[in-house]
Amino acid sequence: LLEVGTGFDRELTGRENIYLSGAILGMKKAEIERKFDEIVEFAGVEKFIDTPLKRYSSGMYVRLGFAVAAHLETEILFIDEVLAVGDIVFQKRCLNTMQDAGKQGRTVIFISHDMSAITRLCGRTILLNEGRVLGNGPSRQIVSDYLNSEFGMTAVREWSDPEKAPGNEIVRIFGIRVRAEDGQVKDSVDIRQPVGVEIEYEVFKPGHVLKAGFDFSNEENVCLFISIDRDPAWQRKPRPMGRFLSTGWVPGNFLAEGTITVTAGIITEAPYVLHCEVPRAVVFHVVDSADGDSARGDIGGAYAGLVRPLLKWTTQYIEDGCPAATSAIEGGRQ
């Protein structure tokens, strides 16, 4: 299962597509009829089953596609990153379905960069890199090895060989690092302190208006924000040949505690060109303080929010319904 919705025709209804896709995937008509109600319920599209697929939202399309594939009675289910789409409720439902398939004695091979899904779904994990097996064993051990390797959670990524450095004939990235305010590379930062992400790159062909950019995401792969280099000294100015170091600083008391992943890239804005990109380039942890002077204050336990800014608050004491600090004498009366 490399892509959900195999065999779907957007002009046909959801009902017709279940039969069409099921047949292409190898299901007999009697089998599809027997599982039809389960597929529709799983996808949650009961009200729209006779609506043409072109009227479906992207989420409905994905849910229906996975629902058909999930009801195949196959001995081996090979799933490659298809759960990167759909809402969190549907993703959990898909994971439960795959767990049930494993309990029934069927083989589920699950390829993903979602570490929580891997540890929940798989008892054994294989770590691959460019076709080579780097690890094979209990999932939690292999996931831990991955997160602490150069391929996983690291506050610094560097490339010394220009042939292997991400990029093209115009520009290549040679380093991406997370730094604290004192300049030290850090994989863990205090929530109250600024944190900088720097990208080191080399321009090989002059005359291009290049900008570095970062995409900050949390551990649930939700994009928190995107930031592009806005240094006024280089706005709309072509870069000469040579090495550059651009740093974006995130202020303290802005990010929520947790794990932050940064995707880095070099672009040209107008017209838009993505010269190079490093997904999940660096990772760092934001640690909230127990001192009571962050946005959390003295609250313990879970504290919701994608970001956690420390806002400026003002409070007035109102006595007898009138703000005490705003009393005035007007026309001889107090």
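E158 is exposed, with a relative accessibility of 53%. The structure is a predicted model, and this report follows its charged side chains, beginning with the partners of E158.

**Salt bridges around R177**

E158 forms a salt bridge with R177, in which the closest N and O atoms are 3.0 Å apart. Because R177 lies in strand 6 (residues 171–180) and E158 in strand 5 (residues 156–158), this pair ties together parts of the chain that are 19 residues apart in sequence. R177 itself is buried, its relative accessible area being 8%, whereas E158 counts as exposed. The cut-offs behind these words are under 20% relative accessible area for buried and over 50% for exposed.

R177 also forms a salt bridge with E198, with 2.8 Å between the closest N and O atoms. This pair links distant parts of the chain, since E198 belongs to strand 8 (residues 195–203) and R177 to strand 6, 21 residues apart. Both E198 and R177 are buried.

These two contacts belong to a wider arrangement. A network of salt bridges links E158, R177, R179, E198, E200, E202 and R243. In total, the structure holds 17 salt bridges.

**A salt bridge within a loop**

R239 and D229 meet through their side chains in a salt bridge, at 3.5 Å from N to O. Both residues lie in the loop between strand 10 (223–228) and strand 11 (242–250), ten residues apart, and the pair is one that links distant parts of the chain. R239 is buried at 3% relative accessibility, and D229 is likewise buried at 16%.

The three salt bridges described above are listed here with their N-to-O distances.

| Salt bridge | Closest N and O atoms |
|---|---|
| R177 and E158 | 3.0 Å |
| E198 and R177 | 2.8 Å |
| R239 and D229 | 3.5 Å |

**A negative surface patch**

Charged residues also appear at the surface of the model. D37, E38, E41 and E46 form a negative surface patch. Within this patch, E38 lies in helix 2 (residues 29–43). E38 counts as partly exposed because its relative accessibility is 46%, a value that falls between the cut-offs of 20% for buried and 50% for exposed. Residues enter such a patch if they have over 30% relative accessible area and no salt bridge.

**Summary**

R177, which is buried, forms salt bridges with E158 and with E198. R239 and D229 form a further salt bridge, while D37, E38, E41 and E46 make up a negative patch on the surface.

How values were computed:
Residues are numbered from 1 along each chain as its sequence is written. This is a predicted model: local features need pLDDT of at least 70, side-chain atom pairs count only at pLDDT 80 or more; totals for chains, interfaces and linings use all residues. Side-chain values use heavy atoms; hydrogens and water are left out. Patches are made of residues with over 30% relative accessible area and no salt bridge: like charges are joined within 9 Å, nonpolar side chains (Val, Leu, Ile, Met, Phe, Trp, Tyr) within 5 Å. Accessible areas come from the Shrake-Rupley method with a 1.4 Å probe; for residues, only the protein chains shown count as cover. A salt bridge is a side-chain nitrogen of Lys or Arg within 4 Å of a carboxyl oxygen of Asp or Glu. Lys and Arg count as positive and Asp and Glu as negative; His and the chain ends are not counted. The place of a charge is taken as NZ of Lys, CZ of Arg, CG of Asp or CD of Glu. Helices (H or I, at least four residues) and strands (E, at least two) are DSSP runs, numbered from the N terminus. Buried means under 20% relative accessible area, exposed over 50%, partly exposed in between (1.4 Å probe, protein chains only).
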